[in-house]
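I opened the notebook to look up how residues are placed in this structure. The entries follow in the order I made them.

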Amino acid sequence: MSGRTIELVVVGAVLAGTLSVGTLSAETHKDYRFNVGPKAGVSVNNPFGSVSVKPAPGNVVVISAVLYSDKVEVDNNLVGNRVEIQSHLLPGGDPQSGRVDYEILVPADASVTLHSSTGSLHAEKLHGDVTLEGASATVDVHDISNAHVHVKTLNGPVTITNVQDGHVEVDSLSGDVTLTSVTGPLVQVISTSGGINYIGDFGDRGEYRLTSHSGNIEATVPGSTSADVSARSVRGEVHDDIPLQPKTHTWFPITQGSAFWGTMGQTTMSSTVVLRSFSGKIHLRKRTSK
Amino acid sequence: MNCVDLQASLAETEDVSRVGQNSAQRAHLKSCPECSALVAELNLIASSAIELRAANEPSPRVWNSIEIALRQEGLIRPQRTGRSLLPSLGSRWAFARWALPVAAAVLITVGVYIRQTSLPVQLARNDAPAVAVSSEVSDAAIAGLNDEDLLQEAAKQSPAMQAQYTDNLRRVNQYIQDAKGVVAADPNDEDARRSLLEAYQEKAMLFELAMDRSLP
């Protein structure tokens, strides 16, 4: 290796080191702590960056924020029993420099509202209401019980897992929605072009409505499921792998291949399941035992 | 009270029919046929005037003629064409002013839905044209929001997302059209009506997301 090459490598390494140190030094960690009462509210508006919420013992909200530049600041406020957090972009801020990542600990009974345009939104192990909204945000919710779960996204994928006794409403324009072991009095997904995938047993006596304009809908249920299932696709196909007891009285025409309506399991315990699509494919599958 | 006093009191009276309720006036009117005739005549004129006002309201054409004449005389100037009646999308809080029309559009849609579902089934078939007309009204209200302006605003707030907003707007408009088609084919189809409502909800959500409340 010539002396000139060595010189260039050294200069390059020094420059790279300087740049990385500069980048790292632009990151700022900030922590906030609020004492709250029972069933507190926590609201986070974060245009660019992720928000993750987990439960913690005690009536305290602990917020750990990573700010990626000095072009953004965190406005925080405790109003009554409600904590409000806003990532506030300063002049010159953009999606990169305005990014803030939050890790938040809340009492398990807190109601949480999260909003981000581009980051991921995550909430787990809570039994307070959870509302998550974001344009292209990735949404992940799991282990929620006895609560409302409301999600709105433009194209971010939505994954909801293990929600018991939930009042679940998901609106997504083009993001795929996956529900696994989600049950409750109301489970509703509306999508324009995203696919909807439900894996679970539809609980008992709940109303499950999965609708997509052009996305496919797939429901995979165990053989022990009790449900009254109607499926209808205006221009798409409908497949049913599970033998259903057909309904004798229906208020829409049952055309082979584009609609079915029937009951599986115990009718006294059955939930109502409505699967609707215009041009997407609908498939009711039986889950194979592992 | 004499005739001068009575006529002076008439000048201060707003309601002629009330003349004579005062004891002094009543005593004078009993004794004075001239004043009594005058009050009767005034009552007749007042009652006839009310009927004339209701019966002879000038037609819109008259108002138009008056307006044209006033414009020709330069007493009315045309409004500046550069200023739109619709709120601008350019300012920071512009979308807040769109919130009301958005809410109105959604409410109209919901109202149409609720009204239609509340009608007896046997009337639904007869009301098919009404459904179509109502849907047109709702569409017009939503179209008034101007998809193009929305996309421009989305591009301004988040340029990288413009293509996705464009694509989603196209898809949701197609959703609405498809749902309307199914409703038109069978106005009794409760399910199709619900799908139409959901399609409108999706579009409302698209506008809501484009507003991006989290942005500072």
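I began with helix α8 of chain B, residues 147–157, and found its buried residues to be B:Leu150, B:Glu153 and B:Ala154. They lie on the same side of α8(B) because they cover an arc of only 100° around the axis. The arc is taken from the directions from the helix axis to the C-beta atoms. An α-helix has 3.6 residues a turn, so residues three or four places apart point the same way. On the other side of α8(B), I noted B:Glu148 and B:Lys156 as exposed.

I wrote down the terms. A residue is buried with 20 or more other C-beta atoms within 10 Å of its own, exposed with 12 or fewer, and partly exposed in between, the C-beta atoms being placed from the backbone. Helices (H or I, at least four residues) and strands (E, at least two) are DSSP runs numbered from the N terminus.

This is a predicted model: local features need pLDDT of at least 70, side-chain atom pairs count only at pLDDT 80 or more, and totals for chains, interfaces and linings use all residues. Residues are numbered from 1 along each chain as its sequence is written, while chains are lettered from A and ligands numbered from 1 in the order in which they are written.

Next I looked up chain B as a whole. Chain B has 10 helices and 0 strands. Of its 216 residues, 24% are buried.

Last, I looked up the largest nonpolar core (buried Ala, Val, Leu, Ile, Met, Phe, Trp, Tyr and Cys residues joined through C-beta atoms within 7 Å). This core has 86 residues, and A:Val112 is among those with the most contacts inside it. Helix α10 of chain B, residues 190–211, gives the most to this core, with 10 residues.
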